[in-house]
Amino acid sequence: MKLLVFPPNEKIENYLKTQYSFDANCSYTLEVATKSGIICNSNQNYQTKALGAFPTSYLKMQITENKKLQYSYYRDLNEEVEVSDVERAIKRISEDLVFFSK
């Protein structure tokens, strides 16, 4: 499986490389996307924003085969994405798939 982390994050990439032997020539790709500092300007979410529970970041991990989606994991977060969030994601993915079984 290939690895694609966007935006680039050395800590996340290094952690993932300890969990799986990635191969740039494989037709499968693990795509990891993170976003922090999310601000919603919509008035439709005023109740959620008022309670302070509106997410400010997310972690999305997808496994594709030749760009066709095979598996997707998504998590809204209230703080910046940390390696521990990726660890939880890998645990969940390994429960669903055999890619990350040790």
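## A four-stranded sheet and its helices

Nine bridges join β3 to β4, and these two strands run antiparallel; two strands are taken to pair if DSSP finds at least two bridges between them. This is a predicted model, in which local features need pLDDT of at least 70 and side-chain atom pairs count only at pLDDT 80 or more, while totals for chains, interfaces and linings use all residues. Residues are numbered from 1 along each chain as its sequence is written, and side-chain values use heavy atoms, with hydrogens and water left out.

The secondary structure of the protein comes to three helices and four strands, where helices (H or I, at least four residues) and strands (E, at least two) are DSSP runs numbered from the N terminus. Read along the sequence, they follow the pattern β-α-β-α-β-β-α.

**The sheet**

The four strands form an open sheet in the order β1-β2-β3-β4, with mixed pairing. Because β1 (2-6) and β4 stand at the edges with a single partner strand each, one side of each is left without a neighbour in the sheet. As with the pair β3 and β4, nine bridges join β2 to β3, which run antiparallel. Strands of a sheet pair through backbone hydrogen bonds, either parallel or antiparallel. The table gives one facing pair of residues from each of two strand pairings.

| Residue | Stands opposite |
|---|---|
| Serine 36 | serine 57 in β3 |
| Tyrosine 58 | aspartate 76 in β4 |

The hairpin of β3 and β4 has two residues between the strands, and in this hairpin asparagine 66 takes a positive phi near 50 degrees.

**Helix α3 against the sheet**

α3 packs on the sheet, touching β3 and β4 (a contact means heavy atoms within 4.5 Å). At 1.5 Å a residue, the 14 residues of α3 should span 20 Å, and its end C-alpha atoms are indeed 20 Å apart, which agrees; the expected span of a helix is 1.5 Å times one less than its number of residues.

In α3, Asp85, Val86, Ala89, Ile90 and Ile93 are buried, and they cover an arc of only 140 degrees around the axis, which puts them on the same side of α3. Here buried means under 20% relative accessible area, exposed over 50%, and partly exposed in between (1.4 Å probe, protein chains only), while the arc is that of the directions from the helix axis to the C-beta atoms. On the other side of α3, Lys91 and Glu95 are exposed, whereas what covers the buried residues includes α1, β3 and β4.

**The core and two residues of β3**

The largest nonpolar core has 18 residues, and those with the most contacts inside it are Leu16, Val32, Leu59, Met61 and Val86. Such a core is a set of buried Ala, Val, Leu, Ile, Met, Phe, Trp, Tyr and Cys residues joined through side-chain atoms within 4.5 Å. α1 (10-19), β2 (28-36), β3, β4 (68-77) and α3 (83-96) each supply at least two residues of this core, and its largest share, four residues, comes from α3.

Not counting residues up to four places away in sequence, methionine 61 touches Leu16, Leu30, Val32, Val86, Ala89, Ile90 and Ile93, among others. Glutamine 62 lies in strand β3 (residues 57-65), and with 18% relative accessibility glutamine 62 counts as buried. With residues up to four places away in sequence again left out, the contacts of glutamine 62 include Thr29, Leu30, Glu31 and Tyr71.

Of the 102 residues of the protein, 27% count as buried.

Notes
Axes fitted to C-alpha atoms, helices over the stretch in contact; angles between N-to-C directions.
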